[in-house]
Amino acid sequence: MKYIILVFMIAIVAGCGEKIDGDQMTSTGDILANEMIQTDPSADFFLLKDRVYVRKEENKNMELGEKLGTIQNIYILEGEFKDLMSTQLPVGTEIYQFKNEKSVDQVIVKENEKLMIYQSLSLGCSA
(Lines give C-alpha, C1' and ligand atoms only; values in the text may rest on other atoms or scores of the structure.)
Protein backbone atom coordinates (compact mmCIF):
# COMPACT_ATOMS: atom_id res chain seq x y z
CA MET A 1 0.00 0.00 0.00
CA LYS A 2 2.84 2.42 0.86
CA TYR A 3 4.44 1.64 -2.52
CA ILE A 4 1.23 2.55 -4.39
CA ILE A 5 0.92 5.85 -2.51
CA LEU A 6 4.58 6.66 -3.20
CA VAL A 7 4.20 5.95 -6.93
CA PHE A 8 1.03 8.06 -7.03
CA MET A 9 2.77 11.01 -5.33
CA ILE A 10 5.74 10.80 -7.74
CA ALA A 11 3.34 10.77 -10.70
CA ILE A 12 1.61 13.92 -9.41
CA VAL A 13 4.89 15.78 -8.88
CA ALA A 14 6.24 14.68 -12.27
CA GLY A 15 3.03 15.88 -13.92
CA CYS A 16 3.52 19.46 -12.72
CA GLY A 17 5.93 20.27 -15.55
CA GLU A 18 5.21 20.56 -19.23
CA LYS A 19 7.63 19.04 -21.75
CA ILE A 20 8.82 21.21 -24.60
CA ASP A 21 11.27 20.14 -27.32
CA GLY A 22 11.86 16.68 -25.88
CA ASP A 23 14.02 17.14 -22.78
CA GLN A 24 13.35 20.78 -21.84
CA MET A 25 10.82 21.35 -19.03
CA THR A 26 8.69 24.42 -18.36
CA SER A 27 8.42 25.19 -14.66
CA THR A 28 5.12 25.41 -12.85
CA GLY A 29 5.93 29.06 -12.09
CA ASP A 30 6.32 29.75 -15.82
CA ILE A 31 3.00 28.02 -16.55
CA LEU A 32 1.17 30.02 -13.86
CA ALA A 33 2.80 33.29 -15.00
CA ASN A 34 1.73 32.65 -18.60
CA GLU A 35 -1.84 31.92 -17.50
CA MET A 36 -1.90 35.15 -15.48
CA ILE A 37 -0.56 37.32 -18.33
CA GLN A 38 -3.16 35.86 -20.71
CA THR A 39 -5.92 36.67 -18.23
CA ASP A 40 -4.62 40.18 -17.38
CA PRO A 41 -1.86 41.62 -19.60
CA SER A 42 -1.35 44.50 -17.11
CA ALA A 43 -0.84 42.22 -14.06
CA ASP A 44 1.96 43.28 -11.69
CA PHE A 45 3.96 40.21 -10.67
CA PHE A 46 7.42 38.63 -10.77
CA LEU A 47 8.93 35.15 -10.71
CA LEU A 48 11.36 34.15 -7.94
CA LYS A 49 12.55 30.55 -7.46
CA ASP A 50 9.61 29.08 -9.37
CA ARG A 51 7.09 31.13 -7.36
CA VAL A 52 4.87 33.86 -8.76
CA TYR A 53 4.53 36.93 -6.53
CA VAL A 54 1.66 39.38 -7.09
CA ARG A 55 1.56 42.94 -5.75
CA LYS A 56 -0.59 43.17 -2.66
CA GLU A 57 -0.09 46.60 -1.04
CA GLU A 58 2.30 49.42 -0.20
CA ASN A 59 3.39 49.72 3.43
CA LYS A 60 5.86 52.07 5.07
CA ASN A 61 6.21 50.25 8.40
CA MET A 62 8.13 47.12 7.45
CA GLU A 63 11.61 45.99 8.41
CA LEU A 64 13.71 44.40 5.70
CA GLY A 65 15.22 41.00 6.32
CA GLU A 66 17.54 38.98 4.09
CA LYS A 67 17.87 40.11 0.47
CA LEU A 68 16.45 37.40 -1.81
CA GLY A 69 17.34 38.87 -5.18
CA THR A 70 17.11 41.72 -7.66
CA ILE A 71 14.85 41.96 -10.72
CA GLN A 72 17.03 41.06 -13.72
CA ASN A 73 14.62 41.26 -16.68
CA ILE A 74 11.31 42.70 -17.80
CA TYR A 75 8.81 40.30 -19.35
CA ILE A 76 8.32 40.66 -23.11
CA LEU A 77 4.92 39.60 -24.46
CA GLU A 78 4.88 36.03 -25.79
CA GLY A 79 8.28 35.34 -24.18
CA GLU A 80 9.30 32.80 -21.57
CA PHE A 81 9.20 33.75 -17.89
CA LYS A 82 12.51 33.35 -16.07
CA ASP A 83 13.64 33.65 -12.49
CA LEU A 84 13.84 37.30 -11.30
CA MET A 85 11.71 38.52 -14.23
CA SER A 86 8.94 41.07 -13.67
CA THR A 87 5.98 42.39 -15.63
CA GLN A 88 6.04 45.88 -14.06
CA LEU A 89 9.02 46.33 -11.70
CA PRO A 90 12.13 47.88 -13.25
CA VAL A 91 15.45 46.04 -13.51
CA GLY A 92 17.42 46.55 -10.29
CA THR A 93 14.39 46.43 -7.96
CA GLU A 94 15.38 44.60 -4.75
CA ILE A 95 13.41 41.78 -3.12
CA TYR A 96 13.66 41.01 0.63
CA GLN A 97 12.24 38.66 3.22
CA PHE A 98 10.45 40.18 6.20
CA LYS A 99 12.81 40.69 9.14
CA ASN A 100 12.80 37.70 11.54
CA GLU A 101 10.57 35.72 9.17
CA LYS A 102 11.45 32.32 7.67
CA SER A 103 8.48 32.09 5.29
CA VAL A 104 8.66 33.54 1.79
CA ASP A 105 4.88 33.45 1.21
CA GLN A 106 5.09 37.25 1.32
CA VAL A 107 8.11 39.33 0.42
CA ILE A 108 9.03 43.02 0.50
CA VAL A 109 9.93 44.77 -2.73
CA LYS A 110 11.98 47.96 -2.45
CA GLU A 111 11.55 50.28 -5.43
CA ASN A 112 12.79 53.88 -5.19
CA GLU A 113 12.52 53.88 -1.38
CA LYS A 114 8.92 52.57 -1.57
CA LEU A 115 8.24 49.29 0.24
CA MET A 116 5.57 47.03 -1.23
CA ILE A 117 4.27 43.62 -0.20
CA TYR A 118 4.05 40.91 -2.84
CA GLN A 119 2.15 37.69 -2.11
CA SER A 120 3.15 34.28 -3.46
CA LEU A 121 0.50 32.39 -5.39
CA SER A 122 0.16 28.68 -4.77
CA LEU A 123 1.58 26.63 -7.62
CA GLY A 124 -0.77 23.77 -8.25
CA CYS A 125 -0.59 21.71 -11.40
CA SER A 126 -2.37 23.16 -14.41
CA ALA A 127 -4.66 20.87 -16.31
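Six bridges join strand E9 to strand E10, and the two run antiparallel; strands here are DSSP runs of E with at least two residues, helices are runs of H or I with at least four residues, and both are numbered from the N terminus. Two strands count as paired if DSSP finds at least two bridges between them. Within this ladder, Val109 has Met116 in E10 as its bridge partner. E9 and E10 make a hairpin with two residues between them. One of the residues in the turn is Asn112, with a positive phi of about 50 degrees.

A word on provenance: this is a predicted model, in which local features need pLDDT of at least 70 and side-chain atom pairs count only at pLDDT 80 or more, while totals for chains, interfaces and linings use all residues. Residues are numbered from 1 along each chain as its sequence is written, and side-chain values use heavy atoms, with hydrogens and water left out.

Zooming out, the protein has two helices and 10 strands. Followed along the sequence, they give the pattern α-β-β-α-β-β-β-β-β-β-β-β. Eight strands make up an open sheet with mixed pairing, in the order E5-E8-E9-E10-E4-E3-E7-E6. The edges belong to E5 (64-70) and E6 (73-74); each has a single partner strand, so one side of each is left without a neighbour in the sheet.

Back to the strands around the hairpin. On one side, E9 (residues 106-111) is joined by three bridges to E8 (residues 94-98), and this pair runs antiparallel. Tyr96 finds its bridge partner in E9 at Ile108. On the other side, five bridges join E10 to E4 (residues 51-58), again running antiparallel. Here Arg55 has Tyr118 in E10 as its bridge partner. E10 itself (residues 114-120) is mostly covered, with five of its seven residues buried. Buried means under 20% relative accessible area, exposed means over 50%, and partly exposed is what lies in between (1.4 Å probe, protein chains only).

For the protein as a whole, buried residues make up 35% of the 127 residues. About 8300 Å² is exposed, and carbon and sulfur atoms supply 53% of that; these areas come from the Shrake-Rupley method with a 1.4 Å probe, and for residues only the protein chains shown count as cover. As for contacts (heavy atoms within 4.5 Å), the ones between residues at least 6 apart in sequence include 55% that join residues at least 24 apart.

Next, the aromatics. A search of the whole structure turns up four aromatic pairs, where rings of Phe, Tyr and Trp (its six-membered ring) pair if their centres lie within 6.5 Å, with planes under 30 degrees apart counted as stacked, over 60 as edge-to-face and the rest as tilted. One of the four is the tilted pair of Phe46 and Tyr118, at 5.2 Å centre to centre and with 50 degrees between the planes. Phe46 lies in strand E3 (residues 45-48) and Tyr118 in strand E10, so this pair ties together parts that are 72 residues apart in sequence. Phe46 is buried at a relative accessible area of 0%, and Tyr118 is buried at 0% as well. Another pair, Tyr75 with Phe81, is stacked: the centres are 4.0 Å apart and the planes make an angle of 0 degrees. Both Tyr75 and Phe81 are buried. Ring pairs also bring in Phe45, linking Phe45, Tyr75 and Phe81 into a cluster.

On the polar side, Thr28 belongs to helix H2 (residues 28-39). Its side chain makes a polar contact with the side chain of Asp50 at 3.1 Å. A polar contact is a pair of N or O atoms within 3.5 Å; within protein, one must be able to donate a hydrogen and the other to accept it, and residues adjacent in sequence count only if both atoms are side-chain atoms. Thr28 is buried, with a relative accessible area of 15%.

Finally, the backbone. Most residues other than glycine have a negative phi. Lys49, although not a glycine, has a positive phi of about 50 degrees. Lys49 sits in the loop between E3 and E4 and counts as exposed, at 62% relative accessibility. Asn112, from the hairpin turn, is likewise not a glycine and has a positive phi of about 50 degrees. At 68% relative accessibility, Asn112 counts as exposed.
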